[in-house]
Amino acid sequence: MRNRSPKTLHIEAIIAGQSAGEARIEALVDGTPLWFASPDIEFRAAGEGFLGAMLLPAMTAGRNLNAVDPVCPTWLNNVHRAGDICRRFWPLHATHIDVPRRMSVAAPPAQASPPAQARTPAQASPPARTARAFSGGVDSFYSLLRYPGPIGAWVYIEDYDMPTNGRSWPGRFDSWLRAIGRATGIRTILVRTNLKRHPTFLGTSWYAAHGACIAAVGHLLANHFDTLVLSSSVSRDSTEACGTHWSLDPLWSSERLRVMSFGEPRRPEKLLDIAAEPIAQQFLRCCWEHLNGRMNCGECEKCLRTQLILEGAGQLEAFPVFAHSESLIRRIERLRCVRSVDLFRTYERVLETRLPSDLRTAVADLLTRSRRMARWRGWRTEISRQWRGFTQSLPLPAGRRWQAAG
């Protein structure tokens with residue numbers, strides 16, 4: 001009998017089958033089904049898929065993991081190394097993984113899979129055995145258009161590009177997805193899942209977890225592919241932590257599936273590189289907030305930032321996917337602030353491009369109020385930190401009274 005302590009997140013035996021005309025695979029995770037389904041492909045009962053999807057939730061909650069389905073020992077060794085990197089990136093807990101090891105079918109490599117740039121053409125997988133994760137954003141289209149080797153299929157995972165606490169849009173983007181498949185001639189694989197709505201995933205940072213969760217689906221498809229290419233969200237010279245990161249992506253590999261990272265440039269550089277490509281102009285979807293009924297709402301910070309970069313390069317009119325009835329200036333003026341300080345430099349660079357003077361003024365004003373809000377948030381955080389330190393330094397009864405009052 002395995003440990004059923006609340007400190008352990010338990011994954012029951014994996015069951016694969018068919019449901020409503022789709023292939024489906026699921027396991028009970030903490031007593032609630034976690035499932036993946038696809039109308040396009042059969043799944044492999046791979047413990048790496050479910051354990052990989054639950055790794056960051058377990059590390060977030062300070063829980064251990066155990067499962068009954070065996071996993072590849074190379075994958076398990078790699079995941080321990082990935083966990084160490086994740087704990088350097090984010091405030092996460094160490095997690096012990098209690099799982100049977102599958103007998104190796106080949107000698108494990110001396111190190112984890114290298115990044116895509118270190119791989120020679122002679123080492124590349126046959127196109128039918130190479131898949132690439134795809135979300136429709138700038139990173140994905142850059143990889144679609146600039147990856148040097150052939151791709152046998154691309155995999156779109158529904159809801160993976162939505163906020164964890166946001167609305168699910170089942171089936172909303174199916175026609176868009178199939179249209180891209182027809183336009184590119186590349187096999188399209190749609191996967192649906194309840195992962196981000198599963199109770200164990202609550203409180204997990206999707207920004208930190210998404211790379212592991214994409215690779216987890218790759219392991220469930222490893223009967224069909226031996227290589228999965230992830231689009232890196234950060235460049236090698238960046239100090240930013242991210243779930244799809246050149247140092248993390250290869251560490252989701254096993255003996256059966258090689259996970260690779262592609263996409264060195266910064267995102268604005270990627271966008272400008274593909275701005276003249278008709279397929280990007282027709283299908284690019286960078287939006288994840290969906291503040292209205294449009295595919296790209298044109299009103300959230302990410303949509304506005306993307307449009308500003310294109311406008312600065314004189315390319316915005318070529319992108320009908322960003323058509324909006326209201327002027328870009330008015331929408332910039334309505335945006336309260338840019339919350340991420342890391343993005344300030346991107347807006348500063350936009351100001352150095354060929355923006356119309358009135359739009360440049362609107363962007364400068366946005367930066368001013370964003371910096372003001374950042375200072376306010378920093379001040380508030382520091383006051384809260386000092387208050388907690390003060391209350392904790394009080395004698396116990398008084399400290400409890402102050403803490404209760406706060």
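Arginine 305 is found in helix 8 of this predicted model. With a relative accessibility of 12%, arginine 305 counts as buried, because buried means under 20%. Which residues touch arginine 305, once its neighbours within four places in sequence are left aside? They are Leu343, Thr346 and Tyr347.

A second arginine makes a useful companion to this one. Arginine 345 belongs to helix 10, which covers residues 344–351. Its relative accessible area is 38%, so arginine 345 is partly exposed, a class that lies between 20% and 50%. Arginine 345 and leucine 367 are 22 residues apart along the chain, and their C-alpha atoms are separated by 9.8 Å.

**The chain as a whole**

Now let us step back. The protein chain contains 12 helices and 11 strands. It has 406 residues, and 52% of them count as buried. The accessible surface of the chain comes to about 18900 Å², and carbon and sulfur atoms contribute 54% of that area.

How do parts of the chain meet one another? Take the contacts in the protein chain with a separation of 6 or more: residues 24 or more positions apart account for 71% of them.

**One face of a helix**

Helix 6 spans residues 267–274, and its buried residues are Lys270, Leu271 and Ile274. Looking down the axis of helix 6, you would find these buried residues within an arc of 100°, so they line one face of the helix. There is a general idea behind such patterns: an α-helix has 3.6 residues a turn, so residues three or four places apart point the same way. What do the buried residues of helix 6 pack against? Their partners are helix 3 (138–146), helix 7 (278–283) and helix 8 (301–312). Helix 8 is already familiar, as arginine 305 is found there.

**Salt bridges**

Side chains of opposite charge can pair when their charged atoms come close. In this model the count comes to 21 salt bridges. Here are some of them, with the N to O distance for each pair.

| Acidic partner | Arginine partner | N to O distance |
|---|---|---|
| Aspartate 30 | Arginine 63 | 2.6 Å |
| Glutamate 277 | Arginine 146 | 3.0 Å |
| Glutamate 348 | Arginine 371 | 2.6 Å |

Let us take the pairs in turn. The side chains of aspartate 30 and arginine 63 meet in a salt bridge. This pair links distant parts of the chain, 33 residues apart. Aspartate 30 sits in the loop between strand 3 (22–29) and strand 4 (32–38), while arginine 63 sits in the loop between helix 1 (47–61) and strand 5 (64–67). Are the two partners buried or partly exposed? Aspartate 30 is partly exposed, with a relative accessible area of 37%, whereas arginine 63 is buried, with a value of 17%.

Next comes the salt bridge between the side chains of arginine 146 and glutamate 277. Arginine 146 lies in helix 3 and glutamate 277 in the loop between helix 6 and helix 7, so this pair ties together parts that are 131 residues apart in sequence. Both helix 3 and helix 7 also pack against the buried residues of helix 6. Arginine 146 counts as partly exposed at 28% relative accessibility, and glutamate 277 is partly exposed too, at 23%.

The side chains of glutamate 348 and arginine 371 also form a salt bridge. Because glutamate 348 lies in helix 10 and arginine 371 in helix 11, the pair ties together parts that are 23 residues apart in sequence. Glutamate 348 is partly exposed, with 25% relative accessibility, and arginine 371 is partly exposed as well, with a relative accessible area of 31%. Elsewhere, salt bridges that share partners join Glu22, Glu158, Asp174 and Arg192 into one network.

**A nonpolar patch and two cysteines**

Helix 11 covers residues 357–393 and includes tryptophan 379. Together with Trp376 and Ile383, Trp379 makes a nonpolar surface patch of about 340 Å².

Finally, look at two cysteines. Cysteine 213 counts as buried, at 1% relative accessibility, and cysteine 242 is buried with a relative accessible area of 1%. How many disulfides does the structure hold? The number is 0.

Technical notes:
Residues numbered from 1 in each chain as written. Predicted model: local features only at pLDDT ≥ 70, side-chain atom pairs only at ≥ 80, totals over all residues. Heavy atoms only, no water. Patch = residues over 30% accessible without salt bridge, like charges linked within 9 Å, V, L, I, M, F, W, Y side chains within 5 Å. Areas by Shrake-Rupley, 256 points an atom, 1.4 Å probe, with all protein chains shown as cover. Salt bridge = Lys/Arg side-chain N within 4 Å of Asp/Glu carboxyl O. Helix = DSSP H or I, 4+ residues; strand = E, 2+ residues; numbered from the N terminus. Disulfide = S-S within 2.5 Å. Buried < 20%, exposed > 50% of the residue type's maximum accessible area, 1.4 Å probe, protein only. Contact = heavy atoms within 4.5 Å. Arc of directions from axis to C-beta.
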